[in-house]
Amino acid sequence: MPPVFDTIPPNDIRLWGRQTVKLRHNLAQRDDLFSDESLAKLVETVPVERIDITTMEDDPSIWGHVDRAEQPGAKVLDAVRGGRVWINLIAIEKADPRFADLLAQMYDELEGAMPDFKTFKRKLGLLISSPTARVYYHFDVPGQGLWQIRGRKRIWIYPATEPFLPPTGVENVVRSVSTEELDYQPWFDDYAEVIDLEPGEMLHWSLNRPHRVSNLDGFSVSLTTEHWTSEIRRSYAMHYGNGILRNKAHWTPRSSSLDGPAFWAKVGMTAAWRKTGMEKKHTYQRLLSYKVDPDAPLGVVPLDAKDQVVVKL
């Protein structure tokens, strides 16, 4: 298998995990994985719980999940090209061994260049999206990377501090009582890093930074990577413990330290709380309220209420 990276510059190694880093990769050359034929087959064959097709309008509140409606993969790609559709193939490494090998190679090369970077619980997502598609303001709990294969994207990355990222927003997500979406105000853009991503480039930014994405032109294909490290796990435990204190003990946490007696008390409290099963978790499901239609202006059409389908995750 050809290398993912020809080189990882020393300065980017020093900045990894602390600042936004853009690297060059060779994945855009992998036609065996990212040709139209390969993508169409994946869309047809991955299990329904691992494919999330969404559509969106200009108003962020108007979006929905889409039923493939047994359309052939090539027709779904036609809908993506001509409409406003975003396909997320989730944990694709579990559905196709080629992507499992690729995920291992990605992190083998990164960890080989950065001996202190040790990861676990890795995931690989495959994104296929329309020229006008977008992802609204949100943040990710684990570490992440965005790898552009085809088309171009613009990403806005915001500080991981208030008011861009309220502590309660992080706490509720790590406790699985809400999703990753956050309140967004247009003036936030004045404080964002704005980066254009071309085919053959990947982007990594520091933990939990909110971001949003718009495609710039062309049929877009990207990969997303997720990973955990010991430091990310400590951050998760701290936020989880703070969430318990704030919501169950009605105590406003004063510390976000990842060490010391207070931190380790939160680790113990988090472990005990999760073990009891007392946290009422949000039940995630998708309501398929649209279906793919390559001839429609947005590539989809609404479903009547009686035809809508719920996919439990």
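The legends below describe several close-up views of one predicted model.

In this predicted model, local features are reported only where pLDDT is at least 70, and side-chain atom pairs count only at pLDDT 80 or more, whereas totals for chains, interfaces and linings use all residues. Residues are numbered from 1 along each chain as its sequence is written, and side-chain values use heavy atoms, with hydrogens and water left out.

**View 1. Glu44 of helix H3 and its contacts with Arg68, Pro72 and Gly73.**
Glu44 belongs to helix H3, residues 36–45, where helices (H or I, at least four residues) and strands (E, at least two) are DSSP runs numbered from the N terminus. With a relative accessibility of 38%, Glu44 is classed as partly exposed, a class that lies between buried (under 20% relative accessible area) and exposed (over 50%), as computed with a 1.4 Å probe on protein chains only. When neighbours within four places in sequence are left aside, Glu44 is in contact with Arg68, Pro72 and Gly73, contact meaning heavy atoms within 4.5 Å. Glu44 and Gly73 are 29 residues apart in sequence, yet their C-alpha atoms are 5.2 Å apart in space. A polar atom of the Glu44 side chain lies 2.7 Å from the backbone nitrogen of Gly73.

**View 2. Strand E7 and its pairing with strands E8, E9 and E10.**
Strand E7 spans residues 143–157 and is mostly covered, with twelve of its 15 residues buried. Two strands are said to pair if DSSP finds at least two bridges between them. E7 runs antiparallel to strand E10 (residues 211–228), to which 13 bridges join it, and here Gly143 has His227 of E10 as its bridge partner. Strand E9 (residues 201–204) is likewise antiparallel to E7 and is joined to it by two bridges, with Trp147 partnered by Met202. Five bridges join E7 to strand E8 (residues 193–197), again in the antiparallel sense, and in this pairing Ile155 is matched with Ile195.

**View 3. Aromatic pairs and a cluster of aromatic residues.**
A pair of aromatic rings is described by the distance of the centres and the angle of the planes. Rings of Phe, Tyr and Trp (its six-membered ring) pair if their centres lie within 6.5 Å, and planes under 30 degrees apart count as stacked, over 60 as edge-to-face and the rest as tilted. A search of the whole structure finds 16 aromatic pairs. In one of them, the ring centres of Phe5 and Trp147 are 5.6 Å apart and the planes stand at 45°, so this pair is tilted. Because Phe5 lies in the segment before helix H1 (10–15) and Trp147 in strand E7, the pair ties together parts that are 142 residues apart in sequence. Phe5 and Trp147 are both buried. The rings of Phe164 and Phe188 have centres 4.9 Å apart and planes at 65°, so that pair is edge-to-face. It links distant parts of the chain, with Phe164 in the loop between E7 and helix H6 (167–174) and Phe188 in the loop between H6 and E8, 24 residues apart. Phe164 is buried, as is Phe188, and both belong to one aromatic cluster with Tyr137, Tyr158, Tyr184, Trp187 and Tyr191.

**View 4. Charged side-chain ends over the rings of Trp156 and Trp228.**
A charge is taken to sit over a ring if NZ of Lys or CZ of Arg is within 6 Å of the ring centre and within 35 degrees of the ring normal. The charged end of Arg212 sits over the ring of Trp156, 3.9 Å from its centre. Lys121 places its charged end over the ring of Trp228, 4.8 Å from the ring centre.

**View 5. His65 in strand E3, and the pairing of E3 and E11.**
His65 is found in strand E3, residues 63–67, and its relative accessible area of 13% makes it buried. Not counting residues up to four places away in sequence, His65 touches several residues, including Asp52, Thr54, Leu287 and Tyr290. Strand E3 pairs with strand E11 (residues 285–292) in the parallel sense over three bridges, with Asp67 partnered by Lys291. E11 also pairs in the antiparallel sense with strand E13 (residues 309–312), over four bridges, among them that of Arg286 with Val311. Strand E12 (residues 300–302) is joined to E11 by three bridges, also antiparallel, and Lys291 stands opposite Val301 in E12.

Notes. A polar contact is a pair of N or O atoms within 3.5 Å; within protein, one must be able to donate a hydrogen and the other to accept it, and residues adjacent in sequence count only if both atoms are side-chain atoms.
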